[in-house]
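Hi there,

Here is the structure I promised to pass on to you. Please have a look at it first, and my notes follow below.

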Amino acid sequence: MSGGVWRSLPRTDGIPVEVVVDGLPVRAYGGETVATLLLRLGHDHFGRHPGTDRPMAPWCLMGSCFGCLCTIDDRPGSQACLVPVSDGLTVRTGASAVAGSPDTPL
Amino acid sequence: MVVGAGPAGLAAAGALAEQGLTVQLIDEQPAPGGQVWRGALDRSGAGRRVHPDQAIRRAAAAAEVLRRPGIAYAGTASVIDARTGLAARSGTDERIEIDWLAAAGPGLRGLRTTTVRALIIATGALERPVLFPGATLPGILSAGALQGAMKQAGLVPDGAGTVLAGQGPLMRLVLAQVLRFGGRVDAVLQLASAPAGKPRAGGLSGLAATLASAAVADPSLVARGAASCMTGHGVRTYRGVRQLRAHGLAAIERLSFDTDDGHHELPCRLLAVHDGILPNVQLTRLLGLAHAWHDDQQAFVPVTGKTGRAAEQPIWVAGDGRGIAGWELAALHGELAGLDAASAICPTSTQPTDQAADRQARRHRLGRRIDRRLPARRLVDRLYPAVPIERNATPDTVVCRCEHVTLAHIDAAIAAGAVGANRVKTFTRCGMGACQGRHCGNALTRIVADRLDVSPTAAGALRIRPPLKPTLISDYLDGACT
């Protein structure tokens, strides 16, 4: 199977903002959070588990599962699902953001 | 302070402000409305159209209170810690200190401490995870997450291999919404035994009695529920699903499961799972309030009086965080809690008699409206008991996602003498990760109770400690926190 998993409903209004994701500028729209922006762009996971190195993906999109952690505006461990997009926001994915796993060296 | 700006929190803040009190209302989402009205008030969001006009009107009416003088609202703000039992410097009133972190907003960055005379907790619900092998693969999320992405950002699942697996009213609603907005669902997997779960306490006659009282309490809710059960929207539906497994290397690629008809395999790239919702008790646990096991909801709920007040404390709990009851009851509970808190802070002796009498009458009316509607909620609890963990989980199934603790790890800890949820936590780190047991806590209690053959109360719940959310040391250094 190929093709995207998500499709956006048409937008009637709203001026796009520019968010920088892993160094590349992308357009984002009102109502989007960093997490829904990344899903729309095709990221199915945003980081890796620090202990097992498995991909970590958002599960709840409402602030409780911590599967969507990214570095947002240089702040590590940010919950992407709770941060609304804004002009100039910088997002870095791929970080091992959850410290303190049993397998992580101290 | 009111924590949570959903139906309960908005109603509570409104009631407090109307009684002349100043209120700090904080909420984690970028916009008010809670999960039920998520995206409904955001005019620029592509997801607003997913809400029926009626819901947008209700949300707007509820959020009107934010215009009242006396209410300060902060979005994208989280409680990090709360401390009770502090006497005010100039008196003997009991005060509560709350440390909270606002991620955005002018002048709001950094950790701050607010001292309040009353705290209303309206933190709503969490979804109950479904435990099965492969559940942590990317491409698997909760049905509530799928709905949230639709309502907030206008993201609709549209690819080949979209599957819903679970049970309960929210899953049916999500299915209808995805299809109405042109999305795609290839299959629905009913995780409860057909057609609507096995009734527990009271058996079939008990269920019939519950149905009868629910139909009297809220006929429109029961009618809508029955109508949604009648249609599968033409989507292939598998009933009595068990042994659910997700397969894939870097993300979900395939599902397998058993039904009475045999073994099935389906290609899958997006799987939304649902097993009902649980009260979010992180803050009530942190504060050390008493909790009791709610057998129908298979979850701990805070112990409160009729108005939602926790015994002996200036703390009220309103909405789904007090026991799942839905948004309409949440709004009524919120108003009741707000009025009661106002009475407690400004005793009637200092108020004109007619105002106090009016408040008393309103509280009485609200209590009666709540009592009338409750039987309808009990029907939902009875129809959709939690999916038994052993129906899908295997020894290598992950229970705690943050620390990657499996069912086998938990069983080994119990075999080694861990006699409660917190002992298992010490042995395995289950519940010790970033989410602080929000994801695994309910399952851990149920697993320990099952293995030791004790009550969930005896098995216990994860102890919740500050910080409620992972916090940077720099937040403490930069903020105005005590």
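B:Val2 has its bridge partner, B:Leu25, in strand β2 of chain B. In this predicted model, the pairing between β1 (residues 2–3) and β2 (residues 23–26) of chain B is parallel and rests on two bridges. Helix α1 (residues 7–18) of chain B joins these two strands in a right-handed β-α-β unit.

The next step along the chain repeats the theme. β2(B) runs parallel to strand β3 (residues 71–74) of chain B, with four bridges between them. One bridge pair there is B:Ile26 with B:Ala74 of β3(B). Here, too, the β-α-β unit is right-handed, with helix α2 (residues 53–63) of chain B between β2(B) and β3(B).

If you zoom out, these strands belong to an open, parallel sheet of five strands in chain B, ordered β3-β2-β1-β7-β21. Its edges are β3 and β21 (315–317) of chain B, each of which pairs on one side only. Two helices to look at against this sheet:

- α1(B) lies across β1, β2, β3 and β7 (119–121) of chain B, at about 170 degrees to β2(B).
- α8 (residues 327–345) of chain B lies across β7 and β21 of chain B, at about 170 degrees to β21(B).

Another helix you may want to pull up is α3 (residues 143–153) of chain B. Is it enclosed, and how many of its residues are buried? The count is 11 of 11, so α3(B) is largely enclosed by the rest of the structure. The buried residues include B:Gln147, B:Lys151 and B:Gln152 as well as B:Leu146 and B:Met150. Just after α3(B) comes B:Gly154, with a positive phi near 70 degrees.

Now to the nonpolar cores. The largest has 50 residues, and B:Ile98, B:Leu119, B:Leu283 and B:Ile410 have the most contacts inside it. The element that gives the most to this core is helix α12 (residues 441–452) of chain B, with five residues. A second core, separate from that one, has 44 residues, among them A:Val5, A:Val19, A:Leu89 and A:Val91.

To see what surrounds one of those well-connected residues, try B:Ile410. Leaving aside residues up to four places away in sequence, B:Ile410 touches B:Val399, B:Val405, B:Val424, B:Cys430, B:Leu444 and B:Ile447.

That is what I have for now. Happy browsing!

Best wishes

Key:
Residues are numbered from 1 along each chain as its sequence is written. Chains are lettered from A and ligands numbered from 1 in the order in which they are written. This is a predicted model: local features need pLDDT of at least 70, side-chain atom pairs count only at pLDDT 80 or more; totals for chains, interfaces and linings use all residues. Side-chain values use heavy atoms; hydrogens and water are left out. A nonpolar core is a set of buried Ala, Val, Leu, Ile, Met, Phe, Trp, Tyr and Cys residues joined through side-chain atoms within 4.5 Å. Buried means under 20% relative accessible area, exposed over 50%, partly exposed in between (1.4 Å probe, protein chains only). Contact means heavy atoms within 4.5 Å. Two strands pair if DSSP finds at least two bridges between them. A crossover is right-handed if, with the strands pointing away from the viewer, the path from the first strand over the helix to the second runs clockwise. Axes are lines fitted to C-alpha atoms, for helices over the stretch in contact, and angles run from 0 to 180 degrees between N-to-C directions.
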